[in-house]
Amino acid sequence: MRETSSPTTPGKASVRVGVFDGSTVGADGKVETSQFVNVKQAEIIEKAGGQSVGTSVVHEVLESYIGAIDAPGKKIVTGNNKALGDEFNAIHDKAKDLDPEFQEMDVKSGTTFTIILPESKKEVDLKLPTPTDTKKKTE
Ligand SMILES: [Zn+2]
């Protein structure tokens, strides 16, 4: 599991809190998964009244574990492939069902980083300022 402060993965998929990036199988049969968690985005959700940072992280860990069992050796997100996307959604749903604290958040239509909290319906912008934006504000 890697923590990322960037809203995109190296493969350019947008990351909202976390993303399962699939796994590889070594010559010894050992499955190694790749999972991203953006803790700063998880904090934004918690401060806005959504699920806790711990719940967000637990979800990503469960997703990685289930992904290793259900889809060993498949790189899921960065491929932008519909069949693999469906496989990822099934893994996400299994992880969701295992944790009663997890809250499914919808992405506001027409946006990439604005999510809607399920209970309050509050809209939360998860897009983080780039280092350049931060610099402009302090000058
Ligand atoms: Zn998920």
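**Group meeting: strands, sheet and a helix pair**

Let's begin with a strand pair: β4 and strand β5, residues 114-116, run antiparallel and are joined by 2 bridges. Across that pairing, Val107 stands opposite Ile115 in β5. Keep in mind that this is a predicted model.

Now widen the view. β4 and β5 belong to an open sheet of 3 strands. The order is β4-β5-β6, and the pairing is antiparallel. Which strands are at the edges? They are β4, at 106-107, and β6, at 123-125. Each of these pairs on one side only.

A general point for anyone viewing strands. Side chains in a regular strand alternate between the two faces of the sheet.

Next, the other strand pair I want to show. Strand β2 covers residues 18-25, and strand β3 covers residues 31-37. How many bridges link them? There are 6, in the antiparallel sense. One facing pair is Val19 and Phe36, the latter in β3. β2 and β3 make a hairpin, with 5 residues between them. Look at Gly29 in the turn. Its phi is positive, at about 85 degrees.

On to the helices. Helix α1 spans residues 39-47, and helix α2 spans residues 53-70. Their axes come within 8 Å of each other. The crossing angle is roughly 135 degrees. Why call α1 oblique to α2? Because roughly 135 degrees lies outside the perpendicular range of 65 to 115 and is not over 145, where roughly antiparallel would begin. As for handedness, α1 passes α2 in a right-handed crossing.

Which residues meet there? On the α1 side we have Val39, Ala42, Glu43, Ile45 and Glu46. On the α2 side we have Val53, Ser56 and Val57. By class, the residues of this contact divide into 5 nonpolar, 1 polar and 2 charged. The charged ones are Glu43 and Glu46, both in α1. The polar one is Ser56, in α2.

Finally, the whole chain. The protein chain has 4 helices and 6 strands. From the N terminus on, the elements run β-β-β-α-α-α-β-β-β-α. So how much is buried? Of the 139 residues, 24% count as buried. And the contacts? Take those with a separation of 6 or more. Residues 24 or more positions apart account for 58% of them.

To recap: an open sheet of 3 strands, a β2 and β3 hairpin, and a right-handed crossing of α1 and α2. That's my slot. Thanks.

How values were computed
Residues numbered from 1 in each chain as written. Predicted model: local features only at pLDDT ≥ 70, side-chain atom pairs only at ≥ 80, totals over all residues. Buried ≥ 20, exposed ≤ 12 C-beta atoms within 10 Å, placed from the backbone. Contact = placed C-beta atoms within 7 Å. Axes fitted to C-alpha atoms, helices over the stretch in contact; angles between N-to-C directions. Parallel < 35°, antiparallel > 145°, perpendicular 65-115°, else oblique. Left-handed = near helix turned anticlockwise from the far one by under 90°. Pairing = 2+ DSSP bridges.
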